[in-house]
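Morning, everyone. I have one structure to go through today, so let me put it on the screen.

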Amino acid sequence: MNVLVILAHPNLESFNHAIVKTLEANLVARGHEVIIRDLYQMNFQPVLEKRDFDCLHENTIPSEIQHEHELLEGADLVFFVHPTWWMGMPAILKGYIDRVMFYMFSRKDPLYQGGHLKGKYAYVIQTTGAKEETLQSARLVDSMQFIQDVGILEFIGFKVLDHKFFFDPSTASEGTRESMLLEVKEACHQIADALVGIPS
């Protein structure tokens, strides 16, 4: 199975990077093909600019965007791994969606009907610097999950398998962080194995 991991965190020593390393090691060990797209290390240009609209009118696609289309279309399962910044995803990830999906949808269906990534699966792993009780009491967990899962991923065709939150890993004990990574290991095994053989 082809797995694409999209990572949006600038710190190579972050817990987000530890999550991705855990995903990659355990998926590869079970025979899956894994491609990592570290948006910060790629220096991905996230701003949708006038030149993008000009390219669209000229029926052309920048080479870097075309490459992302090929990776998405070739993937069976896509993991999105990112921190919580101002109750949402980092700007670079939102910009990735802005630019990559702008071309994918506009060139195929201006009305955005049907979802052109239909048949593909998504799994979101999101860290936050806040305590769970703080976000849950304000109903912010449900809000963040709904916007990303339904408003973005399901809208473009993904079936979202899960949206896992890890709360305050930066101040958690080493044992707690290890337990979180064990959850990642178990989840990626169960999900990836369950999807083997499922037609896209």
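I will start with the sheet, go through its strands, and then turn to two helices.

Before that, please keep in mind that this is a predicted model.

The sheet is open and has five strands, in the order β2-β1-β3-β4-β5, with parallel pairing. At its edges are β2, residues 33-38, and β5, residues 159-167, each of which pairs on one side only. From one strand to the next, the twist averages 15°.

Now the pairings. Strand β1, residues 2-7, pairs with β2 in the parallel sense, over six bridges. If you want a place to look for that register, find Leu-4, which stands opposite Ile-35 in β2. Further along the sheet, β3 and β4 run parallel and are joined by seven bridges. There, Val-78 has Ala-122 of β4 opposite. Between β4 and β5 there are eight bridges, again in the parallel sense. In this pair, Tyr-121 stands opposite Lys-159 in β5.

I would like to stay on β4 for a moment. How many of its residues are buried? Eight of the eight are, so the strand is largely enclosed by the rest of the structure. Tyr-121, Tyr-123, Ile-125 and Thr-127 point one way from β4, while Ala-122, Val-124, Gln-126 and Thr-128 point the other way. Both sets are buried.

On to the helices. Helix α1, residues 15-29, lies across β1, β2, β3, β4 and β5. Relative to β3, residues 77-83, helix α1 runs at about 160°.

The other helix is α6, residues 140-154, which packs on the sheet and touches β3, β4 and β5. The direction of α6 makes about 150° with that of β5.

Which residues of α6 are buried? They are Val-141, Met-144, Gln-148, Asp-149, Ile-152 and Leu-153. As a reminder, an α-helix has 3.6 residues a turn, so residues three or four places apart point the same way. Read the buried positions in α6 with that spacing in mind: Val-141, Met-144 and Gln-148 are among them.

Next, the length of α6. At 1.5 Å a residue, its 15 residues should span 21 Å, and the C-alpha atoms at its ends are 19 Å apart, which agrees. The helix also has a bend of about 25°, at Phe-146.

To recap, we have an open sheet of five strands with parallel pairing, a strand β4 with eight of its eight residues buried, and helix α6 packing on the sheet. I will take questions now.

How values were computed:
Residues numbered from 1 in each chain as written. Predicted model: local features only at pLDDT ≥ 70, side-chain atom pairs only at ≥ 80, totals over all residues. Heavy atoms only, no water. Pairing = 2+ DSSP bridges. Helix = DSSP H or I, 4+ residues; strand = E, 2+ residues; numbered from the N terminus. Axes fitted to C-alpha atoms, helices over the stretch in contact; angles between N-to-C directions. Contact = heavy atoms within 4.5 Å. Expected span 1.5 Å × (residues − 1). Bend = angle between axes of the 7 residues up to and from the residue. Buried < 20%, exposed > 50% of the residue type's maximum accessible area, 1.4 Å probe, protein only.
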